[in-house]
Amino acid sequence: QLRGGLYLSDVGPTGAAARAGLAKGDILLGLHQWETLNLDNVSYVLTHKELATFNPMRVIFIRDGKIREST
């Protein structure tokens, strides 16, 4: 069951999100093993003390009404 997500209003062409396959209009549901309901959730993952071990980092998102996964 989905509890929410973050709408991507913009994705830089050379940023980490673009490299993970995310695009403008996607809805970010989760990073690694945590859901992303707000920017604090994203910040938590990206500043986690064990971030270096999240390799590859799992990215879960919705595009065109379908749940997708990337790294």
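Q: If a pocket is an open set of points on a 1 Å grid over the protein atoms alone, with protein on both sides within 12 Å along at least five of seven lines, what volume does the largest pocket have?

A: Rolling a probe the size of a water molecule over the atoms shows where empty space is left. In this predicted model, local features need pLDDT of at least 70 and side-chain atom pairs pLDDT 80 or more, while totals for chains, interfaces and linings use all residues. Residues are numbered from 1 along each chain, and side-chain values use heavy atoms, without hydrogens or water. The largest pocket has a volume (the space filled by probe spheres set on the points) of about 380 Å³. Of its 17 lining residues (an atom within 4 Å of a point), Ala16, Ala17, Leu22, Leu31 and Leu46 are the closest to the centre.

Q: Which elements each supply at least two residues of that lining?

A: They are helix H1 (16–19), strand E2 (27–31) and helix H2 (39–46), where helices are DSSP runs of at least four residues and strands of at least two. The lining comprises 14 nonpolar residues, two charged and one polar, with Gly counted as polar and Ala and Leu as nonpolar.

Q: Where does Ser70 lie, and which residues does Ser70 touch beyond four places away in sequence?

A: Ser70 belongs to strand E5 (residues 66–70), which runs antiparallel to strand E4 (residues 59–63) and is joined to E4 by five bridges. With contact meaning heavy atoms within 4.5 Å, Ser70 touches Ala20, Gly21, Met57, Arg58, Val59 and Phe61. A polar atom of the Ser70 side chain lies 2.4 Å from the backbone oxygen of Ala20.

How values were computed: 1 Å grid on protein atoms, 1.4 Å probe; cavity = no way out; pocket = protein on both sides within 12 Å on 5 of 7 lines; lining within 4 Å. Polar contact = N/O pair within 3.5 Å; in protein donor to acceptor, adjacent residues only side chain to side chain. Pairing = 2+ DSSP bridges.
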